[in-house]
Amino acid sequence: MSGRRTRRRLLSASAASVVAGFAGCLKEEVGGDDPLLGDPEAYAEVELSSANAGGQIEPPVVHLVAGGTVEWVVDSGDHEIVAYHPDTHGDQRRIPDGAEPWSSGELGPGDAFDRVLDDEGVYDYVSVPYESAGAAGSVVVGWPDPDEEPGLDPPSEAYPDAAKDALERRSDRVRALLEEVHE
């Protein structure tokens, strides 16, 4: 597994310099007030835990280049990482048109699940066992038009309040960044 991570980190470092140049062409200091957004990476790791009986996703938002990989790694608790999509979880599609929804299956401490995201857009997901505690996250891929992203729509009323709040907070941050780029 360490060889896999080393390759990903090398790819991440190589892509970061290309992406940094691209972001600089778009607008200086894009996302400067939000360290999790504005500098897409080729690889991002998200840690999952069950701190204080509530699921934690850290960081809650990652920004990838198209074709980048996000890897969820379980630190503690049991998790299932699922795309918000009628085929996998919930009644609302919160991933780009044409993107395939996913479900990790049950993951325990030390387990990992990764996903390559080729399509530009906003992908919202949840750790199912901790959805009621607000364990919902977002992956932004590339620089999509915010007005065309279902992941930036208001969350379904059917979701638990904590998940809706988490999704709304992230959507506000992501929308602000993308509107800044698309001015």
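Pro59 lies in the loop between β2 (56-58) and β3 (61-74). The model described here is predicted. In this model, the peptide bond that leads from Glu58 into Pro59 is cis, with omega near -5°. Most peptide bonds are trans.

Strand β7 comes next. This strand runs over residues 136-141, and six of its six residues are buried, so β7 is largely enclosed by the rest of the structure. The burial applies to both faces. On one side sit Ala136, Ser138 and Val140, all buried. On the other side sit Gly137, Val139 and Val141, and these are buried too. The cut-off for "buried" is under 20% relative accessible area.

Which strands pair with β7? One is β3, which pairs with β7 in the parallel sense over four bridges. Within this pairing, Leu64 has Val141 of β7 as its bridge partner. Another is β6, which pairs with β7 in the antiparallel sense over six bridges. Here, Val126 has Ala136 of β7 as its bridge partner. Both of these β7 partners, Ala136 and Val141, are buried.

The loop between β4 (81-83) and β5 (112-117) holds Ser103. Ser104 is placed in the loop between β4 and β5 as well. Are these two serines buried or exposed? Ser103 has 38% relative accessibility, so it counts as partly exposed. Ser104 has 16% relative accessibility and therefore counts as buried.

Ser103 has several contacts beyond its neighbours within four places in sequence. They are with Glu80, Ile81, Val82 and Phe113. One of these partners, Val82, is 21 residues away along the chain, yet its C-alpha atom and that of Ser103 are separated by 4.3 Å. With Glu80, the link is between side chains: a polar contact of 2.8 Å joins Ser103 to Glu80.

Ser104 also has contacts outside its neighbours within four places in sequence. Its partners are Glu80, Ile81 and Phe113. The side chain of Ser104 reaches a backbone atom of one of them. That atom is the nitrogen of Ile81, at 2.8 Å.

Charged side chains were examined next. How many salt bridges does the structure hold? The count is six. One of them joins Arg94 and Asp124, with the closest N and O atoms 2.8 Å apart. This pair links distant parts of the chain, 30 residues apart: Arg94 is in the loop between β4 and β5, and Asp124 is in strand β6 (residues 121-127). Arg94 has a relative accessible area of 0%, so it is buried. Asp124 is buried as well, because its relative accessible area is 1%.

A salt bridge also joins the side chains of Arg93 and Asp97, at 2.5 Å from N to O. Arg93 is partly exposed, with a relative accessible area of 31%. Asp97 is exposed, because its relative accessible area of 56% is over the 50% cut-off.

The side chains of Lys164 and Glu157 form a further salt bridge, at 3.1 Å from N to O. Lys164 is buried, with a relative accessible area of 11%. Glu157, in contrast, is exposed, with a relative accessible area of 67%. Elsewhere, Asp147, Arg175 and Glu179 are joined into one network by salt bridges that share partners.

Helix α2 covers residues 161-181. How far apart are its end C-alpha atoms? The distance is 30 Å. At 1.5 Å a residue, the 21 residues of α2 should span 30 Å, so the two values agree.

Which residues of α2 are buried? The list is Ala163, Lys164, Ala166, Leu167, Arg170, Ser171, Val174, Leu177, Leu178 and Val181. These residues cover an arc of only 160° around the axis, and therefore lie on the same side of α2. The spacing of a helix explains how this can come about. An α-helix has 3.6 residues a turn, so residues three or four places apart point the same way. The face of α2 turned away from the buried side carries exposed residues, namely Asp161, Arg169 and Asp172. Lys164, on the list of buried residues of α2, is the residue that meets Glu157 in a salt bridge.

Note on methods
Residues are numbered from 1 along each chain as its sequence is written. This is a predicted model: local features need pLDDT of at least 70, side-chain atom pairs count only at pLDDT 80 or more; totals for chains, interfaces and linings use all residues. Side-chain values use heavy atoms; hydrogens and water are left out. Helices (H or I, at least four residues) and strands (E, at least two) are DSSP runs, numbered from the N terminus. Buried means under 20% relative accessible area, exposed over 50%, partly exposed in between (1.4 Å probe, protein chains only). Contact means heavy atoms within 4.5 Å. A polar contact is a pair of N or O atoms within 3.5 Å; within protein, one must be able to donate a hydrogen and the other to accept it, and residues adjacent in sequence count only if both atoms are side-chain atoms. A salt bridge is a side-chain nitrogen of Lys or Arg within 4 Å of a carboxyl oxygen of Asp or Glu. Two strands pair if DSSP finds at least two bridges between them. The expected span of a helix is 1.5 Å times one less than its number of residues. The arc is that of the directions from the helix axis to the C-beta atoms.
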